[in-house]
Structure formats: structure tokens, C-alpha cells
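Me: I am new to this structure and would like a friendly tour. Could we take it one question at a time?

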Amino acid sequence: MADAEKGEASATSSVAESIRSVTCTAPVNIAVIKYWGKRNEELILPTNDSLSATLDQDHLKSTTTAAISPDFEKDRIWLNGKEESIKNPRLQNCLKEIKRRARKRKGNEDVTSGLLNWHIHICSENNFPTAAGLASSAAGYACLVYSLAKLYGIQGDVTDIARQGSGSACRSIHGGFVQWVTGQRADGTDSRGLLVADEKHWPEMRILVLVVSDQKKHTGSTVGMRNSVKTSEFLNFRVEHEVPQRMKDILEAIKEKDYATFAELTMKDSNQMHAVCLDTYPPISYMNDTSRKIVRLIHEYNDHKGKISAAYTFDAGPNAVLYLLEENVSEVLSLIKNYFPPKENNEGNSFIRGFKEDSAKELSQELKSSISLEPSQGAIKYVISTRIGPGAQVVEDKDASLLNENGMPKKQL
Ligand code: DP6
């Protein structure tokens, strides 16, 4: 994160002469060992370790500009062009903790100058659909906390603060593969995101996000996991008897770049999280018919190949995320196009986004005859083809600021 570390908040000349602002970006992460359950709701402490890969910000990212000025009359926040309540308790917790750390910093002139009491304007946007099961809260809170840390000059690890915005956000501060360690302490200070391997470690690893729905999910993950903790015995079994060994095995698989083991654990852990959801009372089902067809397609594809060549995982929504090696991307994209062809009138939008891939690989007759699915036209809206990328970073380009020289959003709905 060398680039990120060198970034400092800067004063821009403006109507409000003394405005101080910073703009940062943060990535989406997709867990392969899932976080599903809290042992402490207030501090957002998980029941188990989890592990994710960070996706490339070229295709999926949050951007946040945070600015303070003595001329601002109150604290305000805009998300995706719409003003939201600044009173959100999770946001307030993050802001409080950042300011507490700023006050603790030895010789911090901002304390004596009263700058910590200036009001703040925060503006944030995603370049992907919010609340579509694409971990938007993770990227959003990681970006918010990282921006605040830069704005107030806080050094060191802030993953434990991001965690208090949204648990999975602590994994979006770093790039590459990231483990969220449960921790032992009651105050949560040891429950953090740890870098396991950076984004250069496994360059052949690729990711396809299959967007089945870009609608808001019906049961959010916070409520869903709360109900699972309350009612699912299977969740306890998973936490005690399954996750610890899985974590060890997947860490080893990442280290050794052992795709087959990584992929099998990824699929099994997704299935287990969704089994816990079904064991919840009343049951929660995030996966829909299309999700289940994708699962079948991937297993039939792997059987045809004679080895695991693609792995699926699902979060709190019907969208699938596939982890696969570069050598299979073209074939898998052709497979998806064949069994989930886009609607003819796709409103001029491209079906495959992100990397411009060759998705025209001819599927062999043997492969086609080993797939038992009928094509479902329009069931997958689009595919984002991406890879593993770096963590949160400062944007030095002043034009990238989401706030104008008066500290107001450049774009508003
Ligand atoms: C299914 O981090 O969104 O994506 O901590 O309540 O904000 P809160 O939940 P959140 O949960 C993410 C759950 C998941 C699995 C994962 O990312 O590990």
C-alpha cells in the first residue's frame, strides 16, 4: 500500500479558503470463507474468521471525498448523489473513533487549532449497483474510514475502525487476499483485517461477477445473520467444527497457489453459509433458480473437465461470483453466454463488462452434451470480468474530488 501511505489531506483554494479535503477509493471484496454471525452486535465482532479476495478497482470501487471547513454549518453526507442521515450510528461510531485517535496523536496541531471541531461534508459513490449483494457496504465503509484517517492524519491500521462500519469492510482496506481475524479481546481491538498475500501473488486468478439481479436484497446481511445466530444450531457447528480447519487449508492453498483445493473450499463454504441460512428460522434463501442453475452448470463443467476448473460463491443475494484461472476464462464466458444468453434487446449495454474478453470460444460438442441445462435467456443481466487488485488508496488528482470548491457535491440527484 505504498501509494496509499504517501497520500496526505490537502488544502484546496476555494470560496471556503480553509477547506481541507481528501479523496480516496476502496475496493469490493468477495469472501471465500464467509463471515456469517456476530458475537457482539455493537462492536461488530464476528463468530468466526473469514477470508476474501479484493477485486480490481478498475471495475468495482467506491470513491469518497471527505472535507472539513470552519464555514460548514453542519455535518452532512451524500451517498450516490442523495443526501442521507449523518446520524447513522455505524457512521457515527467510525467518525468518533477516528477523532479519538486523532486527539491521542502526540503534538497534533489539529487539536490545538480546533480543527477537529469543524463540520464535515462526506460524499461517496460506487461505480456498481448498490445493495445488489456485491459487498457495497464493505467498499463504502472501507473508503469512508480510509478517507477520514487520511483527512485527520491518522497513521497505522484502521481495519478495526472499518469493521465498525460494516464487518466485511475491514477486508476491503487491503488488496490481494485478506483474512479477518475474529480476535479474543472483548473490546474488539484484535479483530482486524490482515493481509495474507498481496495482489501480485496469484496473477492467474480471475473473477467473474454474474449479475443475476441488481435489485436491493430482501433480507440484508445484518438482519439475516442476527436471525441465524439466534436460531441456527448448524451455525454453531460451523463455527466450532468447520471454519477453523477450512481457514488453515485455504491459507495453505493460497500460499501454494493450489487452485483445486482453493476452489473446492470456496464452493463448500458458500454452500455451507447458505445451508445455515436455510437452517435459520424462519429460513432465509438468497439464492434463486438462476443461482442454482449456475451451481449446476459449474459442477457439470468441472465434471466434463475432469478437474475443478471454476468455483462459485454467493453472498446475501442471488448473484454468483466465480473464481477461476485465466486459462479457463474464455471457455467459461462462452458457456455462460450459451446457457444464459442476454436478452436480444439488452438496451445497448454490453453483456460482458470489465476486461474486454474473448468470449467467442467455440464450445466443443462433448462439452455441450455434458451440460444438462436448457438455456435461460436474460436470467443473467451482465457479467463483470475482473481480477484481484490493490486496497484502499488516496487519489491525488484534485479533479477527482466529488465535492466542489464550496464543499458541495458536484453531482446531486
Ligand atoms: C454474506 O459485512 O454486510 O457478504 O457487518 O452486518 O454490515 P454487517 O454485514 P456485512 O456481511 C457480509 C456477509 C457476506 C459474507 C462475507 O462477506 O464474508
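Me: Into which domains is the protein divided?
Reply: This is a predicted model, where local features need pLDDT (the predictor's confidence in each residue, from 0 to 100) of at least 70, side-chain atom pairs count only at pLDDT 80 or more, and totals for chains, interfaces and linings use all residues. Residues are numbered from 1 along each chain as its sequence is written, and side-chain values use heavy atoms, leaving out hydrogens and water. With bounds from an automatic or database domain assignment, the protein is divided into domain 1 (3–197) and domain 2 (205–387).

Me: What separates the centres of domain 1 and domain 2, and how many residues does the contact take from domain 2?
Reply: Taken over C-alpha atoms, the centres are 28 Å apart. Contact means heavy atoms within 4.5 Å. Domain 1 gives 32 residues to this contact, and domain 2 gives 46 residues.

Me: How are H9 and H10 oriented to each other?
Reply: Helices here are DSSP runs (H or I, at least four residues), numbered from the N terminus. Helix H9 (residues 289–305) and helix H10 (residues 326–339) pack with axes 12 Å apart, at an angle of about 135°. Angles under 35 degrees count as roughly parallel, over 145 as roughly antiparallel, 65 to 115 as roughly perpendicular and the rest as oblique. H9 and H10 are therefore oblique.

Me: Which residues of H10 make the contact?
Reply: From H9 come Leu297, Tyr301 and Lys305. Their partners on H10 are Asn328, Glu331, Val332, Leu335 and Tyr339.

Me: What pLDDT does the protein average?
Reply: Over residues 1–8 the pLDDT is below 50. Still, 91% of the residues score at least 70, and the average pLDDT is 92.

Definitions and conventions: Axes are lines fitted to C-alpha atoms, for helices over the stretch in contact, and angles run from 0 to 180 degrees between N-to-C directions. Helices (H or I, at least four residues) and strands (E, at least two) are DSSP runs, numbered from the N terminus.
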